[in-house]
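This briefing describes the fold of one protein chain. Please keep the sequence and the structure in view while reading.

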Amino acid sequence: EFEVVQLVQELFLDFFALSPNLFTMALPSFPSLASSEGSQEQKQCVDCLFSCHLLLKKRPVVRFHAASQAARSVARELDSRMNASHELFGFRQQEVQPVLIVLDRRNDPVTPLLRHWTYETMIHDTYTIVNNRVSLGSVPGIAEDQKEVVISALNDEFFSDAQYADYGELTEKVRAGVADLRAVESDKGTMDIATMQKLVTALPEHRKAKQQVSKHVTIVSDLARRIGACKALDISELQQDMCTGIDAGAAEQRIRDMLSDSSVEDNDKASLICLYALRYDPSMTKGRFQSIVSHAMQHGLDGRWKERIMAVIQSCPSSSSFGDPFFANQS
């Protein structure tokens, strides 16, 4: 029932491991990373990658996206530091040397702007996952012990199974989890002695499973409420239509309708404005972008979002250097 501490170790890391195949550097957003060569953010990125490979005992071949000066700077500084610290990387190398590829988020600024429908992504977009912790304090009627919960595939069997499930699959998994718990509860009155003994032995695991299912039922129920309330499906449909090629005039009108709707959240409004700016040629829109931003401000968009919108757009280079963000000119 109680997950007691078995071992404590002190490790000096420049990153936070979220799962066996994912870590975060806890750095600011990509505009500041790409602001200038040799910036403090880029140095932190190099420190993190250096620490990570030293911990993993791997000396990779470093490659980078040639069109990105920021990726070039990080890759070369990291490779130079690894070469200068060759005694630290004196451990036995693998037969096939690993490859580290440094990419620039600006090569595809569109994907983070879209609404995604896997469970983990919906949780992060709605509540924000910070070091595997989620604050549910904004959920109506939330129990005191669920105001902050841990979301980790390492110790949450349900989340491990549903992490990449889409919205439809997710509801089925929640329904199945609740049904399994009900089946166990309903069988208690008809158990023989041997079965009862097994149940008592498995009681800690059963309690943990019950807590996990309760947590995810709360989250999924609130997600369903928010999806309907903030018109998430309509937002997603418009985003996909913009990506697949509706003309600028039709997109502008639909965006204006969304910006005028008080039920649409600010982050969704900002994503639509950014997509519009990235999707359509400025020479074709003839200043409509600024008009759309002004329309959003008139209908309550917070001024901080305007700053973020401009930071994203200004940090994304022209299609001549990075390629069309919608991949229209790439084979």
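What share of the area that the chain exposes do carbon and sulfur atoms supply? They supply 52% of an exposed area of about 19,600 Å². The model is a predicted one, and the points below are grouped by topic.

**Overall make-up**

- The chain is built with 15 helices and six strands.
- Of its 331 residues, 37% are buried.
- Among contacts in the chain with a separation of 6 or more, 68% are made by residues 24 or more positions apart.

**Nonpolar cores**

- The largest nonpolar core has 28 residues, and the members that touch the most others are Met242, Ile255, Leu272, Ile273, Tyr276 and Ile309.
- At least two residues of this core come from each of helix H9 (232-244), helix H10 (248-259), helix H11 (266-279), helix H13 (288-298) and helix H14 (303-315).
- H11 provides the largest share of this core, with seven residues.
- A second core, separate from that one, holds 22 residues, including Ile123, Val139, Val174 and Ile219.
- As a general background, nonpolar side chains tend to be buried together in soluble globular proteins.

**Helix H13**

- Phe289, Ile292, Val293, His295 and Ala296 are the buried residues of H13.
- Viewed down the axis of H13, these buried residues lie within an arc of 160°, and therefore they line one face of the helix.
- The partners against which the buried residues of H13 pack are H10, H11 and H14.
- Gly300, just after H13, adopts a positive phi of about 95°.

**Strands S3 and S4**

- Strand S3 (residues 61-64) pairs with S4 in the parallel sense, and the pairing runs over four bridges.
- Within this pairing, Arg63 has Ile101 in S4 as its bridge partner.
- Strand S4 (residues 99-102) has two faces: Leu100 and Val102 form the covered one, while Val99 and Ile101 form the uncovered one.
- Ile101 thus appears twice here, as the bridge partner of Arg63 and on the uncovered face of S4.
- Together with helix H3 (residues 69-84), S3 and S4 make a β-α-β unit that is left-handed.

How values were computed. Residues numbered from 1 in each chain as written. Predicted model: local features only at pLDDT ≥ 70, side-chain atom pairs only at ≥ 80, totals over all residues. Heavy atoms only, no water. Core = buried A, V, L, I, M, F, W, Y, C linked by side-chain atoms within 4.5 Å. Buried < 20%, exposed > 50% of the residue type's maximum accessible area, 1.4 Å probe, protein only. Pairing = 2+ DSSP bridges. Right-handed = clockwise from strand over helix to strand, strands pointing away. Contact = heavy atoms within 4.5 Å. Areas by Shrake-Rupley, 256 points an atom, 1.4 Å probe, with all protein chains shown as cover. Arc of directions from axis to C-beta.
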